[in-house]
Amino acid sequence: MGYDHNDNTVSFLREIYIEIDDNELITFISGNCSNLLGYTMPDLLDKSIRDILSTLPNKSISVANLKSSVITKDNKIIPVDLAGSPRVDDKKNIVGYRLSLIDISWYHKSDSHEKMTSQMFERSRDLIYRVELIPAFKFTYLSQSVKRILGYSAEENLIDSTLIFNIVHPDDSNILIRKMNNDLDFSKPIPCRFQHKDGHYVWLDDYCTPIYDENGVLVAQEGFNRDVTDKKLLEKKLERLSYYDSLTGAYNRHYLEKEIHILDTEKDLPIGILFCDLDNLKVTNDNIGHEFGDKLIVNAFNILKSSFTDNSVICRSGGDEFVVIIKDTSLIKVKLLFLFICESIKQQNKRNPKHKVEVSIGYSFSETSLGVTRQLINTADKNMYKDKQRKKSGTSNHFQIKMPNS
């Protein structure tokens with residue numbers, strides 16, 4: 001390391017060159033010293049190097065990349081990177097030291113910013129990640145919040161990148177595959193369920209940013225996962241309020257319309273429909289009271305509920321009407337269920353002869369549900385009215401529902 005003292009180009013260099021004698025006095029300093037220190041060359045000549053430099057290496061050794069700091073004319077402390085070597089005379093005697101200083105405050109700011117960002121990631125309640133997809137699926141970063149959210153440490157996931165595939169909900173595993181295959185809309189959060197280490201499932205919304213190479217190949221993904229389990233539970237609760245009848249607990253008209261749409265347009269199943277109507281409920285409400293009428297409605301639903309399996313949907317479609325959708329069934333099964341319901345109502349009334357209510361029932365069936373579900377309900381409704389008319393004309397039995405004990 002050496003400079004021509006008469007070379008003016010030294011003033012344009014980023015580093016400051018300094019020579020000191022054996023008494024640590026500055027014998028030369030490059031002209032660019034004013035840029036960093038605020039001093040001119042004459043200000044510092046014959047001054048002690050310790051007036052401006054916090055750390056002075058042992059003058060008998062050479063150093064490189066030594067972290068130190070300088071004190072400026074206005075008393076600011078600036079970090080510098082220091083290199084130095086002994087100055088010797090012709091007889092190899094040490095007569096001083098030469099130094100090179102370079103301002104690294106920008107590095108400290110960058111390093112500080114990086115540490116701040118890292119700390120911010122680690123303090124985040126969200127799960128922040130980066131995963132490499134090529135040559136193989138591998139997490140390269142996971143924030144420590146994964147431990148709080150899923151029960152597994154970041155280290156466990158980094159060591160075994162397949163862990164995430166083992167804890168994803170079976171119904172959501174295709175989401176991970178589609179995500180890796182670049183087959184999802186990354187502009188929207190991607191909901192997915194994962195099993196916590198203690199066994200329960202956690203809903204996460206994944207806000208993913210895909211990373212592509214110059215050829216447009218998906219090579220990595222980064223983003224954050226937000227725990228939305230409480231939100232999903234609330235949505236489920238609100239859905240229940242939206243889809244269920246508050247009096248009976250049966251599905252309501254809103255849910256019935258949803259089922260009709262699915263069976264009409266998405267799922268093709270053989271289905272049967274039962275349409276049930278409590279006869280003379282208005283007369284009962286007017287003469288005995290609505291509380292009495294409500295008990296009859298609840299009791300009617302309980303009889304229906306005890307008669308059908310899980311593949312049936314029981315909806316209260318109106319004040320005194322129930323629609324039952326029997327999925328994946330046959331005409332014989334629908335007829336048998338119709339007769340079973342009629343007999344159940346009859347037996348209930350025998351056990352409670354003082355509290356009877358008449359029910360009219362109609363049914364319909366189709367080998368396919370696509371495009372005909374609403375028509376089937378209308379057909380069952382018409383058959384129910386035929387049953388009602390037969391009762392009025394005295395040509396059919398009156399099937400009755402018991403009144404619960406008050």
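Is Asp-126 buried or exposed? At 14% relative accessibility, Asp-126 counts as buried. The close-up views below come from a predicted model, and each one visits a few charged side chains.

**Figure 1. Asp-126 and Arg-226 are joined by a salt bridge.** The closest N and O atoms of the two residues are 2.7 Å apart. Asp-126 sits in the loop between helix H3 (105–123) and strand E6 (127–132), while Arg-226 belongs to strand E10 (residues 218–227), so this pair ties together parts that lie 100 residues apart in sequence. The partners have their own surroundings: Asp-126 is buried because its relative accessibility of 14% is under the 20% cut-off. Arg-226, at 37%, counts as partly exposed.

**Figure 2. Glu-222 and Arg-130 meet in a salt bridge.** Here the N to O distance is 2.6 Å. Follow the chain and you will find Glu-222 in strand E10 and Arg-130 in strand E6, 92 residues apart, so the pair links distant parts of the chain. Glu-222 counts as partly exposed at 31% relative accessibility. Arg-130 also counts as partly exposed, with a value of 26%.

**Figure 3. Asp-279 pairs with Lys-388 in a salt bridge.** Their closest N and O atoms are 2.2 Å apart. Where do the two residues sit along the chain? Asp-279 is in the loop between strand E11 (271–278) and helix H10 (281–287), and Lys-388 is in helix H13 (residues 373–393), with their positions 109 residues apart in sequence. Both Asp-279 and Lys-388 are buried.

**Figure 4. Asp-279 and Lys-388 also take part in a network of salt bridges.** Zooming out a little, we meet the other members: Asp-277, Asp-387, Arg-390 and Lys-391. A search of the whole structure finds 22 salt bridges.

**Figure 5. Arg-193 makes a polar contact with Asp-172.** Look for Arg-193 in strand E8 (residues 190–195). Its side chain reaches the side chain of Asp-172 at 2.8 Å. Why does Arg-193 count as buried? Its relative accessible area is 19%, and buried means under 20%. Which residues surround Arg-193, leaving aside its neighbours within four places in sequence? Arg-193 is in contact with Ile-167, Val-168, His-169, Asp-171 and Asp-172, and also with Tyr-201, Val-202 and Trp-203.

How values were computed:
Residues are numbered from 1 along each chain as its sequence is written. This is a predicted model: local features need pLDDT of at least 70, side-chain atom pairs count only at pLDDT 80 or more; totals for chains, interfaces and linings use all residues. Side-chain values use heavy atoms; hydrogens and water are left out. A salt bridge is a side-chain nitrogen of Lys or Arg within 4 Å of a carboxyl oxygen of Asp or Glu. Helices (H or I, at least four residues) and strands (E, at least two) are DSSP runs, numbered from the N terminus. Buried means under 20% relative accessible area, exposed over 50%, partly exposed in between (1.4 Å probe, protein chains only). A polar contact is a pair of N or O atoms within 3.5 Å; within protein, one must be able to donate a hydrogen and the other to accept it, and residues adjacent in sequence count only if both atoms are side-chain atoms. Contact means heavy atoms within 4.5 Å.
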